Amino acid sequence: DRYLGDATTVPDTGDGEPVVFDVVPEPGVGLVLHAAEEWGFPDIDALLIQLPGVVNDFAVRSHTIAILHAGGVVTPAGQLLLISGDAESGKSTLVAALVQQGCDYLTDELIGIDPRTGKVLPFPKPLELDETSCDVLGVIPDHLPNVLASDLRRDVAMVTTPVGPVDAVILPTYRAGAERETTRLDVEAAAKALLNQTMNMRRVREPGLR
């Protein structure tokens, strides 16, 4: 509630009623997660595997912070990098590779930017990596697609508090066998790319645009 805002006070944006969620124990089921839908879990471990995806669903409903479809790391030199882009663009794989090379881990999917402070709100969930990505990274995880950051580097630091400001945004495009090439976007192209990856601009409105 501190970051997403009280769901009962979310302004009406025409996309349905605000949704809240709660977890309750129920005899014969285990734990039941009440949200936009209801899910039953036999134990707390099963719930925790699903919970990051549920939090993603609610994060994009925020009207107080801008939610960017992006991963994030902090380099050993202290630079905050956001890796943004469409699905299958290589975001999670690039984040994982940077973590292997010594970067601190923020998230691999959705990240919040507080328009009041410009700081980034991390969400260090398990990374979602497929078999191809794991082969490239040399990782043998226990359960795909969820890969723990500690599977990538045993001593990885997980960033859980607001950090920033952002030093650079990377918009990767992955093509198997391609040569590595870096292009700096002009301001208009960069703005369009980031607007396309901001999941809740309609809710956060002008502060998020700034």
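This report walks through a predicted protein model, from its overall build to one strand and a few backbone details.

The model is predicted, so to speak of local features a pLDDT of at least 70 is needed, side-chain atom pairs count only at pLDDT 80 or more, and totals for chains, interfaces and linings use all residues. Residues are numbered from 1 along each chain as its sequence is written, and side-chain values use heavy atoms, with hydrogens and water left out.

**Overall build**

Let us begin with the whole protein. It has six helices and 11 strands; these are DSSP runs numbered from the N terminus, helices being H or I with at least four residues and strands being E with at least two. The radius of gyration is 18 Å, which agrees with the value near 17 Å for a compact globule of 210 residues. That radius is taken over C-alpha atoms, and the globule rule is 2.2 Å times the number of residues to the power 0.38. Along the principal axes, the C-alpha atoms fill a box of roughly 55 × 45 × 30 Å.

Of the 210 residues, 36% are buried. Here buried means under 20% relative accessible area, exposed means over 50%, and partly exposed lies in between, with a 1.4 Å probe and protein chains only. Contacts (heavy atoms within 4.5 Å) often span the chain: among those between residues at least 6 apart in sequence, 59% join residues at least 24 apart. The accessible surface comes to about 12600 Å², and 52% of it belongs to carbon and sulfur atoms; the areas come from the Shrake-Rupley method with a 1.4 Å probe, and for residues only the protein chains shown count as cover.

**Strand β4 and its partners**

Strand β4 (residues 66-74) is a good place to look next. Nine of its nine residues are buried, so β4 is largely enclosed by the rest of the structure. A66, L68, A70, G72 and V74 point one way, while I67, H69, G71 and V73 point the other way. Two strands pair if DSSP finds at least two bridges between them, and the table lists partners of β4.

| Partner of β4 | Bridges and sense | Residue pair |
|---|---|---|
| β5 (residues 80-84) | five bridges, antiparallel | G71 and I83 |
| β6 (residues 104-107) | three bridges, antiparallel | G72 and T107 |
| β7 (residues 110-113) | four bridges, antiparallel | H69 and L110 |

β4 and β5 form a hairpin with five residues between the strands, and in this hairpin G78 takes a positive phi near 95 degrees.

**Backbone details**

Most residues other than glycine have a negative phi, and most peptide bonds are trans. Against that background, a few spots are worth a look. E88 has a positive phi of about 70 degrees although it is not a glycine. E88 is found in the loop between β5 and α2 (91-100) and counts as exposed at 72% relative accessibility. R205, also not a glycine, has a positive phi of about 60 degrees; R205 lies in helix α6 (residues 201-209) and is partly exposed at 47%. The peptide bond from G164 to P165 is cis, with omega near 5 degrees, and P165 is found in the loop between α4 (149-152) and β11.

Finally, T182 is found in the loop between β11 (168-170) and α5 (187-196). T182 is exposed, with a relative accessible area of 76%, and its C-alpha atom is separated by 33 Å from that of T64, 118 residues apart along the chain.
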